[in-house]
Amino acid sequence: MSSTSESQYIRLDVISGKNLNVPSWRPPAGIYISINVDSRRCWKSAISVLSSEESAAWGDTVTLSSQASPAFSVEIRVSYEADRMLGSGEVIGKLELSWDDLLNHGDEPFDISFPPVRGVHPSLTLKVAVVHACDDALSDSLVDCGIARDTDAGHAQLAAYMTSKDLSQLNTAVEHFQLVLDQCPVSHPDHAAALTNLAWARLVGYARNDLQDIDGITSLFREALALRPQRHSDHPLSLYNLTEALSWRHNKKSTAADICEAARLYHELLPLCPEGTYLRSITHLRKASAFDESSSSSVLTGHQLRLSALDNLSSALRSRFTQRSNIDDLDESIQFSHSGHYRFNHQGKPNDLDEAISLYEEALRLRPGAPSVSRFDERKDIDDITRAISLRREALTLSPPGHPRCDTMLSNLALALKTRYDKLDVSEDLNEAIDLYRESLRLMRLDHPERHVNLYNLSSALCSRFTHTRKNEDVEEAINLCQESLASLPSLHPDRYFSYIWLKGAYLSRYCIQYKPVDLALAVENFRLASRHPTQGFPSRIVGAYKWTVAAERHGHGSALEAYSTFFELLDAHFATRSSTTSRREAAAAFHYARSLPADAASCAIRCENLRHAVELVERGRGQQWSLASRLKTPVEDLESANPKLAHNYSELSKLISNAAQGSADSTDSAAADRAATKYRKLTEQWEATVAEIRNLQAFSRFLLPPLYADLQAAARHGPVIILIASKYSCSAVIVPTSGDPHNVHLSITLADLKTLKDRFTRAIRHASRMDPAETRTDLIVLLRIVWDEIMLPIVNVLENVLKLKHRSRIWLCPTAAFTSIPLHAAHPFQTRSDRSKEPYDEKTIGQGQPGAGKGKALSAVDSELELVHKLVPATANHTTISGDAATRAGAFQALEENTWVHLACHGKQDPTQPYHSHFVMRDEHLTLLDIMDTHIPHAEFAFLSACHTAVGDEETPDEVIHLAAGLQFSGFKSVVGTLWEVDDAVVKYVVQAFYTYMFHPKEVGVMDPTKAAWALNRATHAVKTMVPLEQRMVFIHIGV
């Protein structure tokens, strides 16, 4: 609820960071964020471990006063200690900002970019919100100020030296670190950190030949390691530092003892480096050793500690093999790198060369951070794909003529070239890729299990060339290649799906050039075959069906409606295999690009004059999460009664598929991912067969299927339902009457107009909230008149003139997509009267006015509001009030479960990115939407949500209005009053009083009828028009009976 005074505090969420290159190149213990006001640190985040992608995640929150200073600074800093820090660490980036800079982003996450480090801009993802309470003082006390300042100065000078190579800066850094060490005796808790900082600075100088005394450097690292035993949080980093010193000493002095010790220490280090931080790798993809590469590039470049450990372990073992000629060392090195090539040279065993070649290829695929086709697909950095091409050419040179893996390496290089062509459109790349694919196919035996992949990859390349050259022989060959790939595969082979897709692409390419209807028909037929291929998993088929809808709409093909229906059938089946609402939500996120499909599908059905199907389609997509969850409750329970064995099989298969899908998505190992995908496809096939068997049972023919029009029309038994559909193709209102066929009302407004209207309403409501209550809300009145003229008036005309509906009859509005953001219930012509005035538009109580610390401002009017409700509710009702310390999450749960009517007066928060985390603020913990959905509320009838944002939908999926009010309705409440935006605590009591006065008429003593809620809300907003400003009357909305 809004405050009556200026907001004084700002909550800042530090979410994550990326491109976090360390200026000094030194591997860190972690990264943290510092907020400084007037040059003093007022807050510091937790220390987050750097990931393989040079990113970090925090999820930390701080609330600060915006009045203390108009400006502040944000710093990204490196910590070289995992626990107790010496100083503030090294600075990656610093930005001076104002509070206004942050607030301009609204309440959505946003990125801020810092000055570049090594050519890349570090960035942070933040989120801000104005709140009404501040955290306690958060200034952290630094370790002794003098040594902290000298330590920070040393880090700054060392980072500068790495860039400038100015020896004076290195000497200054060493002096600062030496001064700190002098002040930290052996008994000092920061002695090990001081030793490490000095040793590292001197090691950097040694690596660049600017300093000597590697023995002294090594001794310093040994001393630091001794102070950090195995369970110490900084033990792994100290191990790594010592191995670096030993490796450098061996590099320059060729001491066998050093490389032996390095090999032992790397063995000890590897298990201590978690996956996903400093990542594992098995090769440098160079003929020279990893050790030589490390020597040529100074101290390790980058932050991948685990990767470095692997590379250097391999180097150490190879170097020891060179000195001792012990083949066991090289056998062990093969596990980590491409030492098979070395062993081949030493012993002449062809199998070792085969393995070396394989490892080169494998590293291109597996090495995190290495340039690759997949990394290019993710980051779109052309340097990645160019380097991948170079490395694949290098791998190919290892292969002698006639090597059995030559065909695979040729096709890998061809794939990389084709990928670069798709980005840069350089014809030489495409032509070379085609030649390489041809050569690969020539070398590949006809019964090779992957031959069909090369066939459709070459087909794709030829289609691309045909699009530019328009040479018919290319597309003819492409079609023949796809047909050959299909002929080589059994009818149930999963990869037939991809052959259908590429054959579709070939026909569609030719249609786009020659416009022959037969090619479009053949393309559609292959879309159809791909989307219905039984042994391919749901996700791929869903993608294929989506692309079918796009192609059919673009080219005006009559299969568009079939394509939409197929998409929703597959999506429903995919969701049905997920075991929870949240997991279905996560599955849906993978198809975020198809958010507009429910409205587009309904628009297509309307254009095809199939209005009944339009209603079915829009309902199928509009409430995908709600309707699916509700469909899953009764049918499965009914099936358990009718056929327990089949119900058990269905439930078990659903769980297995859900787990298999998650396992396939989470796996970082390619072979494991392939096995998981195969398992998923087989389970999917079994699940579909089981569902088909269930539908053959009497009374289960519609199992898991959406309702038909005849079923949906039952919702209109008390009055017509108006479904508003906003698509890029058209905007319409479909009226579902109490009986008979639906009626279509074409609206002249467009999707773009609706988006503009939404933005204008947002600005007008924000402006109105700052106005005097007595001022006329001109902007809002203008907008509501537009809504009336452009949307509601055409509908009213049909209701009155075609359906002959009587004046003041009850109707139900069912907005979808962009219409959910428009206050349709408040639309009115605002006609001017003769006096030039304007006519505006036609129990348990739970209150929490004192939320827990940091959860929002106090709501002073809550207790008086609850007392008011108590007085207005009939005396015959068993009335209980929960407020203050008693209004906890558990208390709210109990109240919802035990009572028929509920009135909530508290803070409400809609989470636009994670709608299931939307919540009511209780005294202790949040009462979330997910909590409500999981609660059984058997006696629920009516809920009044006197809280902010309780009926605002999820911005990512506006077709599915997932909010607190809808959650209560889903859980059993037949009638709910919610709010569209922020409610003013000072005036809401007038609406509440008027509402309950109309709900409980004196002539109807003791009657509590939830079906009166819509009428009572309408009358209440009329009654308080002189006391409550327009935007605070419009804010309330009724859903349900």
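Q: Before anything else, what does it take for two strands to pair here?
A: Two strands pair if DSSP finds at least two bridges between them, and it helps to keep in mind from the start that this is a predicted model.

Q: OK, so in what order do β16, β17 and β18 sit in their sheet?
A: The three strands form an open sheet in the order β16-β17-β18, and the pairing is antiparallel.

Q: Which of those are the edge strands?
A: The edges are β16, covering 908-909, and β18, covering 926-928, each of which pairs on one side only.

Q: And how many bridges join β17 to β18?
A: Strand β17, residues 919-921, is joined to β18 by three bridges, with the two strands running antiparallel; Val 921 stands opposite His 926 in β18.

Q: Let me switch to β10: is it mostly covered or mostly open?
A: Strand β10, residues 731-736, is mostly covered, since six of its six residues are buried. Both of its faces are covered, with Cys 731, Ala 733 and Ile 735 buried on one side, and Ser 732, Val 734 and Val 736 buried on the other.

Q: What does β10 do with β9?
A: Strand β9, residues 721-726, pairs with β10 in the antiparallel sense over six bridges, and the two form a hairpin with four residues between them. Within that pairing, Ile 723 has Val 734 in β10 as its bridge partner.

Q: How about β11, how many bridges are there to that one?
A: Five bridges join β10 to β11, residues 743-747, and these strands run antiparallel, with Val 745 in β11 being the bridge partner of Ala 733. The hairpin of β10 and β11 has six residues between the strands, and in it Gly 740 takes a positive phi near 85 degrees.

Q: New topic, helices: at what angle do α4 and α5 cross?
A: The axes of α4, residues 191-207, and α5, residues 214-226, cross at roughly 155 degrees and come within 9 Å. That makes α4 roughly antiparallel to α5, because angles over 145 degrees count as roughly antiparallel.

Q: Is that crossing left-handed or right-handed?
A: The crossing of α4 and α5 is left-handed.

Q: Which residues meet there, and of what classes are they?
A: From α4 the contact includes Leu 195, Leu 198, Trp 200, Leu 203 and Tyr 206, while the α5 side includes Ile 214, Ile 217, Leu 220 and Phe 221. Arg 202 in α4 and Glu 223 in α5 are also among the residues that meet. By class, the contact of α4 with α5 has twelve nonpolar, three polar and two charged residues.

Note on methods:
Residues numbered from 1 in each chain as written. Predicted model: local features only at pLDDT ≥ 70, side-chain atom pairs only at ≥ 80, totals over all residues. Heavy atoms only, no water. Axes fitted to C-alpha atoms, helices over the stretch in contact; angles between N-to-C directions. Parallel < 35°, antiparallel > 145°, perpendicular 65-115°, else oblique. Left-handed = near helix turned anticlockwise from the far one by under 90°. Contact = heavy atoms within 4.5 Å. Nonpolar A, V, L, I, M, F, W, Y, C, P; charged D, E, K, R; others polar. Buried < 20%, exposed > 50% of the residue type's maximum accessible area, 1.4 Å probe, protein only.
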